[in-house]
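Please work through the exercises below with the sequence and the model open beside you. Each one sets a task and then goes through a solution step by step.

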Amino acid sequence: GAQPRAGVFFDLDNTLIDTAGASRRGMLEVVKLLQSKYHYKEEAEIICDKVQVKLSKECFHPYSMCITDLRTAHWEEAIQETKGGAANRKLAEECYLLWKSTRLQHMTLAEDVRAMLTELRKEVRLLLLTNGDRQTQREKIEACACQSYFDAVVIGGEQREEKPAPSIFYYCCNLLGVQPGDCVMVGDTLETDIQGGLNAGLKATVWISKNGIVPLKSSPVPHYIVSSVLELPALLQSIDRKVSISA
């Protein structure tokens with residue numbers, strides 16, 4: 001009989017594109033700027049490390065402030081904490097814009113990932129599901145030109161709730177016209193991608209663990225672990241075989 005429509009949901013950051021690597025490239029450019037133009041020495045790296053910590057702890061509430069102001073403030077605080085003296089908004093803006101523009105330049109969808117998405121889409125519906133601020137995520141999607149590979153794109157910051165809330169997964173299912181039990185979530189973050197897929201009762205969750213890390217006992221347990229998104233097509237075939245055998 002006709003196969004039920006199946007969907008695959010992909011996370012964006014550090015799943016399809018190397019956001020962390022692009023961000024590091026941005027930081028290196030800022031270090032160079034601070035050292036060559038402003039004659040900072042080791043403070044340049046200390047400032048970038050502080051900003052990295054602030055980014056990792058970032059709680060973004062779209063109502064209170066735009067992301068540009070928030071992230072410029074990270075740089076302003078890091079510079080002031082490291083150098084002392086009066087706040088330097090102008091320098092903070094220069095650092096933020098250099099980091100951001102460099103980061104976006106290095107956000108690319110690799111050729112083999114493009115090929116994989118193109119092939120997969122012949123068989124299943126594909127959806128990009130990313131958490132985060134609307135402006136930031138839209139800029140990344142534009143920079144890596146990935147929108148055309150998907151049947152739909154859903155950004156957490158534009159929805160009522162983000163991953164891991166089941167509601168955003170059901171919203172995605174409705175967009176694609178598929179049932180949760182026919183969908184697979186692929187992502188690198190246990191607390192959002194994997195926990196969310198489990199919460200929503202998806203057919204499978206696939207965790208991308210780049211350095212062979214095994215999830216802690218206390219964390220959400222993915223159905224499958226791969227070291228690269230490129231392992232997905234082979235994995236999906238084996239999942240399908242399992243399902244049809246048990247049926």
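The exercises begin with the whole protein, turn to its helices, and end with single residues and backbone angles.

The model is predicted, so that local features need pLDDT of at least 70 and side-chain atom pairs count only at pLDDT 80 or more, while totals for chains, interfaces and linings use all residues. Residues are numbered from 1 along each chain as its sequence is written, and side-chain values use heavy atoms, with hydrogens and water left out.

**Exercise 1. Describe the protein as a whole.**

Task: state how many helices and strands the protein has, and what percentage of its residues is buried.

Solution. Begin with the secondary structure, which comes to nine helices and six strands; these are DSSP runs numbered from the N terminus, H or I of at least four residues for helices and E of at least two for strands. Next, take the extent of the C-alpha trace, which spans about 70 × 40 × 35 Å along its principal axes. Then turn to burial, where 45% of the 247 residues are buried (buried means under 20% relative accessible area, exposed over 50%, and partly exposed in between, with a 1.4 Å probe and protein chains only). Finally, consider contacts, meaning heavy atoms within 4.5 Å: among those between residues at least 6 apart in sequence, 62% join residues at least 24 apart.

**Exercise 2. Follow helix α3 and its surroundings.**

Task: find the reach of α3, and name the helices against which its buried residues pack.

Solution. First, α3 has 17 residues and reaches 24 Å from its first C-alpha to its last, close to the 24 Å expected at 1.5 Å a residue (the expected span is 1.5 Å times one less than the number of residues). Second, its buried residues include Ile 67, Leu 70, Trp 75 and Ile 79, and the buried residues of α3 pack against α1 (19-36), α2, α4 (89-105) and α6 (134-144). Third, the helix is followed by Gly 84, whose phi is positive, near 75°.

**Exercise 3. Compare two helix crossings.**

Task: give the angle at which α2 and α3 cross, then the angle for α4 and α6.

Solution. For the first pair, the axes of α2 (residues 43-56) and α3 (residues 67-83) come within 9 Å and cross at roughly 135°, where axes are lines fitted to C-alpha atoms, for helices over the stretch in contact, and angles run from 0 to 180 degrees between N-to-C directions. That makes α2 oblique to α3, given that angles under 35 degrees count as roughly parallel, over 145 as roughly antiparallel, 65 to 115 as roughly perpendicular and the rest as oblique. Residues of α2 including Ile 46, Ile 47 and Val 51 meet residues of α3 including His 74, Trp 75 and Ile 79.

For the second pair, the axes of α4 and α6 come within 9 Å and cross at roughly 40°, and these helices are therefore oblique to each other. Here Lys 100, Arg 103 and Leu 104 in α4 meet Gln 135, Thr 136, Glu 139, Lys 140 and Ala 143 in α6.

**Exercise 4. Place three residues.**

Task: decide whether Ile 79, Thr 68 and Gln 137 are buried or partly exposed.

Solution. Start with Ile 79 in helix α3, which counts as buried because its relative accessibility is 5%. Leaving out residues up to four places away in sequence, Ile 79 touches Tyr 40, Ile 47, Gly 84, Leu 91, Ala 92 and Cys 95. Thr 68, also placed in helix α3, counts as partly exposed at 26% relative accessibility, and, with residues up to four places away again not counted, Thr 68 touches Tyr 96 and Gln 135. Gln 137 lies in helix α6 and is buried, with a relative accessible area of 3%.

**Exercise 5. Examine the backbone.**

Task: state what kind of peptide bond joins Lys 163 and Pro 164, and where Asn 14 and His 39 are found.

Solution. As background, most residues other than glycine have a negative phi, and most peptide bonds are trans. The bond joining Lys 163 and Pro 164 is cis, with omega about 10°, and Pro 164 is in the loop between β3 (152-155) and α7 (166-176). Asn 14 has a positive phi near 60° and is found in the loop between β1 (7-10) and α1. His 39 has a positive phi near 60°, is found in the loop between α1 and α2, and is exposed, with a relative accessible area of 61%.
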